Amino acid sequence: MLRRSLLIAPVGGLLAACGAPRLAPPGAEWDALSPPPPSRISDEEASDIAIHALGLVGTPYRYGGNTPEGGFDCSGLIGYVYGKSVTGMRPPRTVAGLSGFGAPLARNGLRSGDLVLFGSGRPTHAGIYVGQGRFVHAPSSGGTVRLDRLDGPYWSRQATSYRRP
């Protein structure tokens, strides 16, 4: 009898775990079967973010930049666009800070206005998702804000995570 109860206890524990809601650890992506996390921004604000970001394509890159007149780095671009498109929302100023902003989600849950972060472990680059597999970002010195594809030759090889503010 003791032997039977020892076998049943672990199985019961496994069954209980299967029924429990799955919570993603901090910084982890939601799996493809999980619903996207709720957003603090409306669909209209998400659309405004995408339109505003697209309107800044061609603006010069400048390290530490956060205005169209002075140029943008990647996190400066995000802060500027969100600040102009969503009342009262100020994202963190650094890519490291952006990695904890909002909630993680899977790629198949992306909508316009979500953040795309690149780099394994601690992200080193970020952009704004604008739909149809595309994102706007300020990539590097000497460049300009541009529109790229997540499935492009360079970006598809990068470790990527996604955040919903």
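What span should the 13 residues of H2 have at 1.5 Å a residue, and how far apart are the end C-alpha atoms of H2? The expected span is 18 Å and the end C-alpha atoms are 18 Å apart, so the two agree. Please keep in mind that this is a predicted model.

I will start with the overall layout and then come back to H2. The protein has 165 residues, and 42% of them are buried. There are four helices and eight strands. Along the sequence the order is α-α-β-β-α-α-β-β-β-β-β-β. If we take the contacts between residues at least 6 apart in sequence, 55% of these join residues at least 24 apart.

Now helix H2, which runs over residues 43-55. Which residues of H2 are buried? They are Ala46, Ile49, Ala50 and Ala53. Looking down the axis of H2, the buried residues fall within an arc of 95°, so they line one face of the helix. The general background is that an α-helix has 3.6 residues a turn, so residues three or four places apart point the same way. On the other side of H2, the exposed residues are Glu44, Ile51 and Gly55. What covers the buried residues of H2? The cover includes H3, strand E5, residues 125-131, and strand E6, residues 134-137.

Two glutamates in H2 are worth a separate word. Glutamate 44 sits in H2. Its relative accessibility is 62%, and a residue counts as exposed over 50%, so glutamate 44 is exposed. Its C-alpha lies 9.7 Å from that of serine 85, with the two positions 41 residues apart in sequence. Glutamate 45 is also in helix H2. Glutamate 45 has a relative accessible area of 22%, which makes this residue partly exposed, because the cut-off for buried is under 20%. From glutamate 45 to valine 86 the C-alpha distance is 6.2 Å, and these two residues are again 41 apart in sequence. Which residues does glutamate 45 touch, if we leave out those up to four places away in sequence? The list is Arg40, Ser85 and Val86.

That brings us to H3, residues 74-85. At 1.5 Å a residue, the 12 residues of H3 should span 16 Å, and its end C-alpha atoms are 17 Å apart, which agrees. Is H3 largely enclosed or largely open? Of its 12 residues, 10 are buried, so H3 is largely enclosed by the rest of the structure. The buried residues include Cys74, Leu77, Ile78, Val81 and Ser85.

H3 also takes part in the largest pocket. That pocket has a volume of about 180 Å³. H3 gives the largest share of the lining, six residues. Among the residues that line the pocket are Ser75, Gly76, Gly79, Tyr80, Gly83 and Lys84. Asn66, Arg90, Pro91, Pro92 and Arg93 line the pocket as well. By type, the lining divides into three nonpolar, five polar and three charged residues.

Next, two loop residues. Where is aspartate 114? Aspartate 114 is in the loop between strand E3, residues 103-105, and strand E4, residues 115-118. Aspartate 114 is buried, with a relative accessible area of 0%. Leaving aside neighbours within four places in sequence, aspartate 114 is in contact with Tyr82, Leu105, Gly109, Gly127, Ile128, Tyr129, Arg163, Arg164 and Pro165. For one of these, proline 165, the C-alpha separation from aspartate 114 is 6.7 Å, at 51 residues along the chain.

The other loop residue is glutamine 132, between E5 and E6. Is glutamine 132 buried or exposed? At 64% relative accessibility, glutamine 132 counts as exposed. Its phi is positive, about 55°, although this residue is not a glycine. The C-alpha of glutamine 132 is 9.5 Å from that of leucine 110, which is 22 residues away in sequence.

To recap, the buried residues of H2 line one face of the helix. H3 is largely enclosed by the rest of the structure, and H3 supplies the largest share of the lining of the largest pocket. Of the two loop residues, aspartate 114 is buried and glutamine 132 is exposed.

Technical notes. Residues are numbered from 1 along each chain as its sequence is written. This is a predicted model: local features need pLDDT of at least 70, side-chain atom pairs count only at pLDDT 80 or more; totals for chains, interfaces and linings use all residues. Side-chain values use heavy atoms; hydrogens and water are left out. On a 1 Å grid over the protein atoms alone, a cavity is a set of points where a 1.4 Å probe fits but cannot get out, and a pocket is an open set with protein on both sides within 12 Å along at least five of seven lines; lining residues have an atom within 4 Å of a point. Grid points are joined across faces, edges and corners, and a volume is the space filled by probe spheres set on the points. Ala, Val, Leu, Ile, Met, Phe, Trp, Tyr, Cys and Pro count as nonpolar, Asp, Glu, Lys and Arg as charged, and the others, Gly among them, as polar. Buried means under 20% relative accessible area, exposed over 50%, partly exposed in between (1.4 Å probe, protein chains only). The expected span of a helix is 1.5 Å times one less than its number of residues. The arc is that of the directions from the helix axis to the C-beta atoms. Contact means heavy atoms within 4.5 Å.
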